[in-house]
Amino acid sequence: MKQQYIDVYADNRDLIKANSAPCLNIIRDAAAEAFKITGFPTHKDEAYLYCPTLQYLATDYGLNLKQIEPKVSEKELFHCSVPGINSVVVAMVNDQMRAISETLPDGVVVCSLKDACERYPEEVENCFNSLASKHADAMTHFNNMLAQNGFFVYVKKNTQLEQPLQIVRMLDATIEMMTVAHNLVYVADNAQAKLLLCDHNRKGSKVFHDTLTEVVVAPHARLELYELESTSETTISHSQLFVTQAEGSEMLLNQLTLSNGITHRHTVVDLDGDHANLWLGGMVLNDRQQKTENYTEINHNASYCNCKELFKYILDEEAEGAFSGRIIVGDGTKQTEAYQTNRNLCLTNTAKMHAKPQLEIYADDVKCGHGATTGQLDETALFYMQARGIGKEEARMLLMLAFVADVIDKITVEPLRDRLRMMTEKRLRGEGVKCNNCSLC
Amino acid sequence: MAEDKINNTKSDDIIADVTSGDYKYGFTTDIETEVIPIGLNEEVVRLISAKKEEPEWLLEFRLKAFRHWQTLKMPKWAHLNIPEIDYQAISYYAAPRKNAPKSLDEVDPELLKTFDKLGIPLEEQKALSGMAVDAVMDSVSVKTTFRETLAEKGIIFCSISEAVKSYPDLVKQYLGSVVSYADNFFAALNCAVFSDGSFVYIPKGVRCPMELSTYFRINAGKTGQFERTLIVADDDSYVSYLEGCTAPQRDENQLHAAIVEIVVMNNAEVKYSTVQNWYPGDKEGKGGIYNFVTKRALCKGDNSKVSWTQVETGSAITWKYPSCVLKGDNSIGEFYSVAVTNNYQQADTGTKMIHIGKNTRSRIVSKGISAGKSENSYRGLVKVMPGAENARNFSQCDSLLLNDHCGAHTFPYMDIQNPTAVVEHEATTSKINEDQLFYCNQRGISTEDAVGLIVNGYAREVINKLPMEFAVEAQKLLSVSLEGSVG
């Protein structure tokens, strides 16, 4: 399986390099060598035990090595929007940045990684590959070998950004295609930002979407990152997200999967500074043959850090969900508080759920707990509602909405929260997650 | 403030005491042992089989397992740091020479002394506690008591090699039916070279009148012990089986790869209790037993029940998951465990509950206590198959940390394939509660006693599940392993 990618790289090395961000070229050869040795992970690797995307790597995908821009009209690019959100929308097609809806607020930079290498070499150098190299595994090497571009978000020192930044990634391909992107987010000291990443695909596009995102949250900065996937069953998404949080920083990371094909999310957060705070959560609504895995790893490397993790899954029909959560409390850390919760609903006999909530603790000054449940809706609650004249289906709907509500409630951007409630309801009613009048997805 | 400081230093001292306790059961008995040369190949497997005068089918079983074992690699997924094991440097058979004594007089006096030191004088056991003890030293059963009493009820309790000769049909039917030779690396190894162990058969409708107990002892240096236990509980029967062990102190690492198989038929119940206190290695982590055991119970019949209770305080490395396959409708699986690790000990232990039948229930209570520089992991699987309607599981895993250099880890796995299943898991990790210590201090209980109280209280839920005699021993072991001068 790995050979086809090694060959592609060997044959097109110069072409890839000519059309890539310079910083990516620096690490490319070493990554290719490393990938040659490791190959792809298998289900025997503990972190990839249930990984649903691996088998799809065998397909012979096309790669847009020349970075040719697919034809998408401006109107289409900005079609996906949330009413009243008033966000700055940045449109991307696959791994290429295409357009920005309005001028960026002061203190904020959003551009392609390639441009960033020219305009902000210092910032890029500081952050780039610092996390990926630390947590590198076979999939990281693979990404580093083939990635050509990605987005770069930089929020300058002391910038308090109220308006959310929204990056809409449109996956578009006429043939079976693989896109490989490497993104960088840097929130500097004492800055604040809300970043919304929306993944969509053009109907019928068959895309294997491999992304690697590095996020650096500097001392006393605050970042809210929402990852929202509403693609279709032809999309296979394998993403790696590496975050480091410095002293006194705060982060809210919410990963919402409304509809998708096959998704694997690999999230690693390092709490590297004292008094860092993290809320990491997500919800997954899957039916048909959709599969979603969230692998999360939170490393407590400093003292007085606090993390809360909450993942909720609703699985219908033949869907398969997996959650592997690891919280690692390092030796010598003090006064750590870490809690992990995973709750799942399986609605049919054919839906499958794999849960692995794990704690690894090497210090004694900790308060840690985790809980996981898998079950069905509360019969008595259903009966209560039916007794009050609410139909069974409606009652089920209400209970399911309530089930995922605590994940949605964590969203601080109100229009987005309302929108997600509506989309979740539509999704649970089986009406799909098309935004109004959307011609794309 | 000053008071606080004193208390702090005091509790530091206690924890130092707690973590420096020496192994109290270290001694070696001088008995002539027959050992075959080190190394493992087909010849050795044939030799073991020949020495035990086994029938052809058993030799075939061993050879099939051995050939499969040769294709396997040692698994690496556990949260354990295992030094490379040279399987060719181990002798696979050791037996006390004076075989099968007819009465107590024939038993080697040295051996009797050993049992006295361990606190189980056979005569007293016979007279006072009413237990039948199948004492296993190294690999061959030396002495079985109370056989006659059990025989009256039709209960078979003998060494497995004897069972092969006397009840070949029963053994043939059930041997390898729960843990197949291809199950895992160590199961394959055991199937190939197993030396001896116990066989229990409880006939239909019989309630075993006494606790059945085996005392394992590893006694000869450089010998691996490959025990094999097979328990079959026929319809409507009940048995409580105890297994306990202490091993002599020595420097060489010893490998122990046992298999325990339990078959439970309709309405039957088996309770299996273990107190494990093998030599854990010295304070620098040198030596100690490697305890890699495959234990599995099959609830074959409807309304059957299996209960595993274990207190694990010994061994340098413990790696085992006593499991329940809940195949019969309404069957119940239980797992209660206390695992204590100290100094450089490592433990990766837990359970597997496989729900296959309808209305099956399982309950897991695991308490880990880590001290010194040890690593203590809980790893458990709860699997609900598509046909297991109304399966119910509750798991609780708590970890207690006694200082800041040890590790406590929890790795639960849940595979759910049925919408009616209700599976819950909860876990907490914390150090000894300062408030509780303070509360005890205030009421005149010294910090020393308070630590003892809290640890024993913490493990109480599990220890209560043990039969009386074992509960006492388990508490002693907790004291020895953890409390040092405290207990």
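Start by selecting β19(A) together with strand β23 (residues 407-416) of chain B: 6 bridges join the two, and they run antiparallel. Zoom in on Ala355(A), whose bridge partner in β23(B) is Met414(B). Before you go further, keep in mind that this is a predicted model. For the complex, the predictor gives an ipTM of 0.76 and a pTM of 0.79.

**Stop 1: around β19(A)**

Keep β19(A) selected and add strand β17 (residues 320-329) of chain A. Here 10 bridges join β17(A) to β19(A), and these strands run parallel. For a landmark in this pairing, pick Glu320(A), which stands opposite Lys352(A) in β19(A).

Now show the side chains of β19(A). In a regular strand, side chains alternate between the two faces of the sheet. Colour Lys352(A), His354(A), Lys356(A), Gln358(A) and Glu360(A), which point one way from β19(A). Then give another colour to Met353(A), Ala355(A), Pro357(A), Leu359(A) and Ile361(A), which point the other way. Are these residues buried or exposed? Every one of them is buried. Because 10 of the 10 residues of β19(A) are buried, the strand is largely enclosed by the rest of the structure.

**Stop 2: the side of chain A that touches chain B**

Widen the selection to the contacts between the chains: 32 residues of chain A are in contact with 31 residues of chain B. On the chain A side, β19 (352-361) and β20 (366-375) each supply at least two residues. By class, that side of chain A has 13 nonpolar, 11 polar and 8 charged residues.

Next, select β20(A) with strand β24 (residues 422-431) of chain B. This antiparallel pair is joined by 7 bridges. Centre the view on Gly371(A), and you will find Glu426(B) of β24(B) standing opposite.

**Stop 3: the nonpolar core**

Which residues touch the most other members of the largest nonpolar core? Select Val187(A), Val217(A), Val200(B), Ile262(B), Val264(B) and Val270(B); the core they belong to has 242 residues. In chain B, this core draws at least three residues from each of domain 1 (1-29 + 433-487) and domain 2 (31-320).

Val264(B) is a good one to centre on. Leaving aside residues up to four places away in sequence, Val264(B) touches Ala233(B), Val270(B), Ala297(B), Leu298(B), Cys299(B), Lys300(B), Gly301(B), Ser304(B) and Val306(B).

**Stop 4: chain B as a whole**

Now show chain B as a cartoon, with its 12 helices and 24 strands. Buried residues make up 55% of the 487 residues in this chain. Among contacts in chain B between residues at least 6 apart in sequence, 84% join residues at least 24 apart.

From the helices, choose α3 (residues 56-70) of chain B and find Lys64(B) in it. Lys64(B) is partly exposed, because 16 other C-beta atoms lie within 10 Å, between the limits of 12 or fewer for exposed and 20 or more for buried. Draw a C-alpha to C-alpha distance from Lys64(B) to Asn418(B): the two are 36 Å apart in space and 354 residues apart in sequence.

**Last stop: confidence**

Finally, colour chain B by pLDDT. The chain averages 77, and 74% of its residues score at least 70. Look at residues 97-102 of chain B, where the pLDDT is below 50 and the stretch has 8 contacts beyond near neighbours in sequence. Residues 135-143 of chain B also have a pLDDT below 50, and that stretch has 44 such contacts in the model.

How values were computed: Residues numbered from 1 in each chain as written. Chains lettered and ligands numbered in written order. Predicted model: local features only at pLDDT ≥ 70, side-chain atom pairs only at ≥ 80, totals over all residues. Helix = DSSP H or I, 4+ residues; strand = E, 2+ residues; numbered from the N terminus. Contact = placed C-beta atoms within 7 Å. pLDDT = per-residue confidence, 0-100. Nonpolar A, V, L, I, M, F, W, Y, C, P; charged D, E, K, R; others polar. Pairing = 2+ DSSP bridges. Core = buried A, V, L, I, M, F, W, Y, C linked by C-beta atoms within 7 Å. Domains from an automatic or database assignment.
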